[in-house]
Amino acid sequence: MSFRLIAASASLLALAACGAPPPEEQTAEAPAAGATAPAGSPVLTVAQIEAGVPAAAPAAAPAPAPTTPTAPGADPATPPTAAPTPPDPGLVRLQILLDRSAFSPGVIDGLHGENTRQAIAAWRKANNLGQGDVADAALLERLARTDAAPVMASYTLTAADVGGPFSPPPGGDLQAQAAGGANYSTPLERLAERFHITEALLQGLNPGVDFRRAGQAIVVPAVADRPIGQVARIVIDKSERSARAFDASGKLLAFYPATIGSSERPAPSGTLRVVGVAPEPDYTYDPAKLSYDRGDKKVVVPAGPNNPVGSVWIELSRDSYGIHGSPDPSKIAKTASNGCIRLTNWDAEQLAAAVKPGVEVRFI
């Protein structure tokens, strides 16, 4: 990893053991179809979201029973296609409020999921609301009293939003990414990451909008990238897949879902220290120094939000390990890494702004 490291000594630069996901995770997802949201009614209105209360989490669906084909040639092994789960306006509201409180649900999607449940549980405990991960009216009321600003906002697309430069979507070929760059792939992707939301939900909230054309007004989550205060200690929970940041008094400042190592390439154990921070890092794959196989040639991927280590790198005191961003926020805490701690780019940037060399990082 070649970095512009803000640290006590420039000699502490290191290679990341975890910049690229394991080979089986390298296949890029197909981008959202086109850059124009289909015309029609929005999946949710601003009024629905502003007044929303999350519905109860659905019970786990039982395994489908075998079915008997009803037509000649039907395949009995092919299950029926389930309809996509619609976003819950109350969950969108809750996720935005959690995001603004620095108890990150990861990417805002309006869907029930482990990242949101864990953020709820962490916020409850930090605010003396007891144990549990239930998203109820009492929780929303308390969150809203803490931050009464609207959760949705209007934003007008600018020339900078749509003007590029853009790069091909990242995939498994590091040499191709080194040649094509690590910028956002589309204006839609750039805007979705800016507002901490999935591309699908951003499109669904803005039907008929051409995200490639400046001057259009869209509705977006009213996220706020606020500073969290000075971090003195970070706790990485491998089983929970989370990172917690505490101040010197032991107060919990922030909670983040995290991708943390894998069974083949586990994260470190014990206590490390922050060495420094590298904003907008390059990524260097050097087969002579890394333990996983991504080819036999040294490759340098330039800086960019879709770089294998995202938009920021927090160097740790064990050679080649760090806390960093990600080109795919939707997969945080849902896949494995090559040993490091991967957050969404916006969460990694918030944490990086609050740490200094010497901060304790404890793995449990």
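**Entry 1: strand S8**

I began with Val277 and found that its bridge partner in S11 is Ile314. I note here that the model is a predicted one. I then looked up the strands around that bridge: S8 and S11 (residues 312–316) pair in the antiparallel sense, over five bridges.

I next asked which strand pairs with S8 over four bridges. S14, residues 360–363, does so, again in the antiparallel sense, with S8 spanning residues 270–279. For a residue to inspect in that pairing I took Thr271, which stands opposite Arg362 in S14. As a reminder for viewing side chains, I wrote down that in a regular strand they alternate between the two faces of the sheet.

**Entry 2: helices H2 and H3**

I moved on to the helices. H2 covers residues 89–100, and its axis comes within 11 Å of the axis of H3. The two axes cross at roughly 55°, which means that H2 is oblique to H3. The crossing of H2 past H3 is left-handed.

I listed the residues that make this contact. H2 supplies Leu91, Leu94, Gln95 and Leu98, while H3 supplies Thr116, Ala119, Ile120 and Trp123. By class I have six nonpolar residues, two polar and no charged in the contact of H2 with H3.

**Entry 3: Gly90**

I stayed on H2 to check Gly90, which is found in that helix. Is Gly90 buried or exposed? I have Gly90 at 0% relative accessibility, so the residue counts as buried.

I then asked what Gly90 touches, leaving aside neighbours within four places in sequence. The contacts of Gly90 are Gly52, Val53 and Pro54. For Pro54 I also noted the backbone distance: the C-alpha atoms of Gly90 and Pro54 are separated by 4.0 Å, with the two residues 36 apart along the chain.

**Entry 4: helices H3 and H4**

I followed H3, residues 114–126, to H4, residues 137–146. Their axes come within 12 Å and cross at roughly 70°. Since 65 to 115 degrees counts as roughly perpendicular, H3 is therefore roughly perpendicular to H4. H3 passes H4 in a left-handed crossing.

Which residues of H3 meet H4? I found Ile120, Trp123 and Arg124 on the H3 side, with Leu139, Arg142, Leu143 and Thr146 on the H4 side. The residues of the contact of H3 with H4 divide into four nonpolar, one polar and two charged.

Going back over my lists, I see Ile120 and Trp123 of H3 in the contact with H2 and again in the contact with H4.

Technical notes. Residues are numbered from 1 along each chain as its sequence is written. This is a predicted model: local features need pLDDT of at least 70, side-chain atom pairs count only at pLDDT 80 or more; totals for chains, interfaces and linings use all residues. Side-chain values use heavy atoms; hydrogens and water are left out. Axes are lines fitted to C-alpha atoms, for helices over the stretch in contact, and angles run from 0 to 180 degrees between N-to-C directions. Helices (H or I, at least four residues) and strands (E, at least two) are DSSP runs, numbered from the N terminus. Angles under 35 degrees count as roughly parallel, over 145 as roughly antiparallel, 65 to 115 as roughly perpendicular and the rest as oblique. A crossing is left-handed if the near helix is turned anticlockwise from the far one by less than a right angle, and right-handed if clockwise. Contact means heavy atoms within 4.5 Å. Ala, Val, Leu, Ile, Met, Phe, Trp, Tyr, Cys and Pro count as nonpolar, Asp, Glu, Lys and Arg as charged, and the others, Gly among them, as polar. Two strands pair if DSSP finds at least two bridges between them. Buried means under 20% relative accessible area, exposed over 50%, partly exposed in between (1.4 Å probe, protein chains only).
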